[in-house]
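These are my notes from a session spent looking up ring contacts and the domain layout. I kept the entries in the order in which I worked.

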Amino acid sequence: MRTATEQEIASGKTTDVYFQRTAEILTALGIHRVVTAEVKATSLPESIPWAVVCGIHDALRLLEGRKVNVEALPEGTVFRPDQPIMQITGDYLEFCTLETALLGYLCQQSGVATKAARCRKAAGSRFLASFGARRMHPALAPIIDRAAYIGGCDGVSVVLSAELLGIRPSGTMPHALVIVLGDVAEAIKQFDAIIDPGVPRIALVDTFSDEKAEAVRAAEAVGKKLSGIRLDTPGSRRGDMAKILEEVRWELNLRGYDHVKIMVSGGLDEYEILRLNEFADGYGVGTAISSARTIDFALDIVEVEGKPIAKRGKKSGRKQVLRCNQCFRSVVVPFNYPRDLIRCECGADRCELLKPAVQDGTVIADLKTDKEVRQFVLDQLSRVEI
Ligand code: PCP
């Protein structure tokens, strides 16, 4: 399969060739300059106000063994445009051919984690599953699902992804099961008879007829054992989806099926979730998360031999990002900032977001588990707007 191995990536083979040529020239000239390069995004997709950084662990492992020092945001940190998320100091030749891979690790995963976090914020405490692996190359499924989970998804649909995350895979039933068995009542009856009792009984109720009718039929087929229904209504029938959900809720409750949860999938994003929250109990989001717009980070030299220098459009000099523990506002300051800036205008203390992560090529960052990173994201989401 045409995927690069970790060794090929770490050796710089997945570099854009112009970095290889740059290294060739500097090596031939014997030019060794200690630089500081910063990684940041000057803007975010759709001008969203914040993003979640994901891929830091991969980036740090990539730099392991190179004679560099790195400050970085901890995985899962919420950041804003124009805030450095990583700074690398060392001989430029130590990491020149790693820029492409480093940015690749960060751009895609941060995009997925950010979109998942926005859907998480929109869905509140409702169940949120990522199930868009089918849109991307299968070799990437566990990477994309980890980013979706870290961003705040409660579940992922891919078996291997869930195994690597140490959680149970999330899923209901495809239209194929309903079609092959003939109708939703038979499908949920056989699902209940055959599938592990620990798996929630959720019937897909939009295959052949109106969602109301199929929801009632599924409930009548297995009664109290039905834990939910999923509406995946095709675009040609959607109309006012909130209205459809309202009707389904009414019909189920009228017949004593108040316990049956309503799941929704198909074409969802954070904006559609906000529109459906009144009647939906959970969501399956596919394409919007798995194919999320990348966060377009760039790596730029901002110091050479300790002297500030940068290309046009970039502020020179090594930096720090301070965030208030109280009001959560953040500010970019010079690395050796005046110490009184550690106090926010609101009077509370600020904390330094960029932490020492690699020292002389050794990773010193405390690489949290996926569950711990996800909780860190959730804790921060309570402090930001959607
Ligand atoms: C799939 C799934 C969601 C779609 C694709 C993925 O639908 O049920 O509706 O969600 P997205 O639009 O957010 O990417 P189908 O393939 O029509 O149905 P099935 O569930 O049978 O796979």
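I began with charges over rings, and found that Arg 339 lies over the face of Tyr 337, at 4.0 Å from the ring centre. I then noted Arg 318, which is placed over the face of Phe 335, with 4.0 Å to the ring centre. I keep in mind that this is a predicted model.

Next I looked up the aromatic pairs, and the search of the whole structure returned three of them. One of these is formed by Tyr 18 and Phe 19, which I recorded as edge-to-face, with 4.6 Å centre to centre and 65 degrees between the planes; the angle qualifies because edge-to-face requires planes over 60 degrees apart. I checked the accessibility of both partners: Tyr 18 counts as exposed at 53% relative accessibility, whereas Phe 19 is buried, at 8% relative accessible area.

I went on to Phe 79 and Phe 297, whose ring centres lie 5.5 Å apart with the planes at 35 degrees, so I entered the pair as tilted. This pair links distant parts of the chain, 218 residues apart, with Phe 79 in strand S4 (residues 78-79) and Phe 297 in the loop between helix H14 (287-290) and strand S12 (298-304). For burial I wrote down a relative accessible area of 1% for Phe 79, which is buried, and 6% relative accessibility for Phe 297, which also counts as buried.

Last, I looked up the domain assignment, which gives domain 1 as 6-112 + 293-319 + 352-381 and domain 2 as 171-282. I noted that the C-alpha centres of domain 1 and domain 2 are 44 Å apart.

Key
Residues numbered from 1 in each chain as written. Predicted model: local features only at pLDDT ≥ 70, side-chain atom pairs only at ≥ 80, totals over all residues. Heavy atoms only, no water. Domains from an automatic or database assignment. Phe/Tyr/Trp six-rings, centres within 6.5 Å; stacked < 30°, edge-to-face > 60°. Buried < 20%, exposed > 50% of the residue type's maximum accessible area, 1.4 Å probe, protein only. Helix = DSSP H or I, 4+ residues; strand = E, 2+ residues; numbered from the N terminus. Lys NZ or Arg CZ within 6 Å of the ring centre and 35° of its normal.
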